[in-house]
Amino acid sequence: MSEATPSVGIIMGSRSDWPTLKAAAKILDALEVPYETKVVSAHRTPQRLYDYASAARGRGLKVIIAGAGGAAHLPGMAASMTELPVLGVPVESKSLKGLDSLLSIAQMPGGVPVGTLAIGKAGATNAGILAASILALSDAALAARLADWRSAQTEAVAETVEDDD
Ligand code: RP5
């Protein structure tokens, strides 16, 4: 994690969500975007959520990535208490494979938006990229790093198939 003042806050409902949210952190590391991480549960630590979301903008955060599973109220509740863009990552749940998380995060009432990503690590990866894209709107150096990262991804895609066996 970077020691610079964080621009992105990665919050998650439980330590058990970290293997998923780590994918967002990896992208931010690669793009040299400073971030912080914190476990904030909408249900188990509501006061921590209130304190975090209501202070986020004042502390200099620009984007919040919020991941949770099951009855995943964390992204929506965070969005209700800050004007910062909130990117929601549905964590795959044991019983419903993350469909519960996805619907909990996506089905916000009009007026309180959460940018909802795909279930699991792909969603967390894309949340990291989107957070960087938002920050790159006002940071030319980051925009250049993001363009390089995307070019490298494109160049890494093989055109031919080969057998594993
Ligand atoms: C949610 O419940 C968390 O976001 C996590 O995805 C899920 C399970 O949490 P633990 O029981 O593993 O702490 O609040």
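## A tour outward from strand β3

Begin in this predicted model by selecting β3, where both faces are covered: Val 63, Ile 65, Gly 67 and Gly 69 are buried on one side, and Ile 64, Ala 66 and Ala 68 are buried on the other. In a regular strand the side chains alternate between the two faces of the sheet. With seven of its seven residues (63-69) buried, strand β3 is largely enclosed by the rest of the structure.

Next, add the two strands that pair with β3. Strand β1, residues 8-12, pairs with β3 in the parallel sense over five bridges, and within this pairing Gly 9 stands opposite Ile 64 of β3. Strand β4, residues 86-91, is also joined to β3 in the parallel sense, here over six bridges, and in this case Ile 64 stands opposite Val 86 of β4. If you follow the chain from β3 to β4, you pass through helix α3, residues 74-80, in a β-α-β crossover that is right-handed.

Now show the whole sheet, which is open and consists of five strands in the order β2-β1-β3-β4-β5, with parallel pairing. Strands β2 (35-39) and β5 (115-116) stand at the edges and have a single partner strand each, so one side of each is left without a neighbour in the sheet.

From the sheet, turn to the helices that lie across it. Select α4 to see a helix that lies across β3, β4 and β5 and runs at about 160° to β4. Then select α5, which lies across β1, β3, β4 and β5 and runs at about 175° to β4.

Finally, colour the largest nonpolar core, which has 44 residues, and pick out Ala 24, Ile 65, Leu 74, Ala 78 and Ala 131, the members that touch the most other members. The elements that give two or more residues to this core include the strands β1, β3 and β4, together with α1 (18-30), α2 (46-56), α3, α4 (99-106) and α5 (121-136). The largest share of the core, six residues, comes from α5.

Which residues does Ala 78 touch, not counting residues up to four places away in sequence? Centre the view on Ala 78 and display Ile 11, Leu 49, Ala 53, Ile 64, Ala 66 and Val 86, which are its contacts under that condition. Two of these names will be familiar from earlier stops, for Ile 64 and Val 86 stand opposite each other in the pairing of β3 with β4.

Definitions and conventions. Residues numbered from 1 in each chain as written. Predicted model: local features only at pLDDT ≥ 70, side-chain atom pairs only at ≥ 80, totals over all residues. Buried ≥ 20, exposed ≤ 12 C-beta atoms within 10 Å, placed from the backbone. Helix = DSSP H or I, 4+ residues; strand = E, 2+ residues; numbered from the N terminus. Pairing = 2+ DSSP bridges. Right-handed = clockwise from strand over helix to strand, strands pointing away. Core = buried A, V, L, I, M, F, W, Y, C linked by C-beta atoms within 7 Å. Contact = placed C-beta atoms within 7 Å. Axes fitted to C-alpha atoms, helices over the stretch in contact; angles between N-to-C directions.
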